Amino acid sequence: MKPYQSIVRYCRSLVWPLFAVVVVLLAMAFTLARLWLPEIGQYREDIQRWMSEYTGLPVTVGAIHVQWHGLRPRLALNDICLLEKQGVRPVMCFKEAQLSMDLPASLWHVRPEPSDLTVVGANLSVMRNVD
């Protein structure tokens, strides 16, 4: 037997079990994500707080839903309003916003990677200053 053939066999004996472990771990991760994501509505206040910190304006969200489309989870936020700094009057409201996540890219970059954003029913308030 040639020496390179034994090396190839040794590599094959390592690669297949490693590949099987990776496939099982990915299957478990997808299963856990599919079980956990429908419960995301319980985190509405946390999401509102995060959005408020990100935009610098108070944000209210009516409801949150998650749907799966292949490998892409879609987060749907209903009745979203960005309020003035005082938190009284709405500056911008949306009937619905849908954010799709690119799961393979998110796993590769180890951070959330959105793939597209759809906004439905935008309502803007424009104010003009005297100066």
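**Core, helix 2 and cross-links: a chat**

Trainee: Which residues make up the largest nonpolar core, and how many are there in all?
Mentor: A nonpolar core is a set of buried Ala, Val, Leu, Ile, Met, Phe, Trp, Tyr and Cys residues joined through side-chain atoms within 4.5 Å. Buried means under 20% relative accessible area, exposed over 50%, and partly exposed in between, using a 1.4 Å probe and protein chains only. The largest such core here is built from Ile40, Ile47, Met51, Val59, Val61, Ile64, Leu77, Ile80, Leu82, Phe94 and Ala97, which makes 11 residues in all.

Trainee: Which elements each supply at least two residues of this core?
Mentor: Helices (H or I, at least four residues) and strands (E, at least two) are DSSP runs, numbered from the N terminus. For this core, the elements that each give at least two residues are helix 2, strand 1, strand 2 and strand 3 (90-101).

Trainee: Before we go on, what kind of model is this?
Mentor: Residues are numbered from 1 along each chain as its sequence is written, and side-chain values use heavy atoms, with hydrogens and water left out. Local features need pLDDT of at least 70, side-chain atom pairs count only at pLDDT 80 or more, and totals for chains, interfaces and linings use all residues, since this is a predicted model.

Trainee: What is isoleucine 40 in contact with, leaving aside its neighbours within four places in sequence?
Mentor: Contact means heavy atoms within 4.5 Å. Isoleucine 40 is one of the core residues. Leaving aside neighbours within four places in sequence, isoleucine 40 touches Ile47, Ile64, Val66 and Leu75.

Trainee: How far apart are the end C-alpha atoms of helix 2?
Mentor: The expected span of a helix is 1.5 Å times one less than its number of residues. Helix 2 has 12 residues, so it should span 16 Å. The model agrees, with the end C-alpha atoms apart by 16 Å.

Trainee: Which residues of helix 2 are buried, and what arc do they cover?
Mentor: The buried ones in helix 2 are Ile47, Gln48, Met51 and Ser52. They sit on the same side of helix 2 because they cover an arc around the axis of only 135°. That arc is taken from the directions from the helix axis to the C-beta atoms. So, for Ile47, Gln48, Met51 and Ser52, the arc is 135°.

Trainee: Which residues are exposed on the other side of helix 2, and what covers the buried ones?
Mentor: On that other side, Trp50, Glu53 and Tyr54 are exposed. What covers the buried residues includes strand 1 (59-69) and strand 2 (72-83).

Trainee: How many salt bridges does a search of the whole structure find?
Mentor: Side chains of opposite charge can pair when their charged atoms come close. Here a salt bridge is a side-chain nitrogen of Lys or Arg within 4 Å of a carboxyl oxygen of Asp or Glu. Searching the whole structure gives 4.

Trainee: What does arginine 49 pair with in a salt bridge?
Mentor: The partner is 3 residues away in helix 2 (residues 44-55), so the two are separated by about one helical turn. Arginine 49 is partly exposed at 46% relative accessibility, and the partner is partly exposed too, at 37%. The N to O distance is 2.4 Å, and the partner is aspartate 46.

Trainee: In the salt bridge of arginine 111 and glutamate 113, is glutamate 113 buried or exposed?
Mentor: The two side chains meet at 2.7 Å, N to O. Arginine 111 has a relative accessible area of 48%, so it is partly exposed. Glutamate 113 has 17%, which means it is buried.

Trainee: Where does proline 112 lie?
Mentor: Proline 112 counts as exposed because its relative accessibility is 62%. Leaving aside neighbours within four places in sequence, proline 112 is in contact with Met101 and Ser106. Its place is the loop between helix 3 (103-109) and strand 4 (114-124).

Trainee: Which cysteines does the disulfide join?
Mentor: A disulfide is a pair of cysteine sulfur atoms within 2.5 Å, and the structure holds 1. The S to S distance is 2.2 Å. The pair links distant parts of the chain, strand 2 and strand 3, 12 residues apart. The joined residues are cysteine 81 and cysteine 93.
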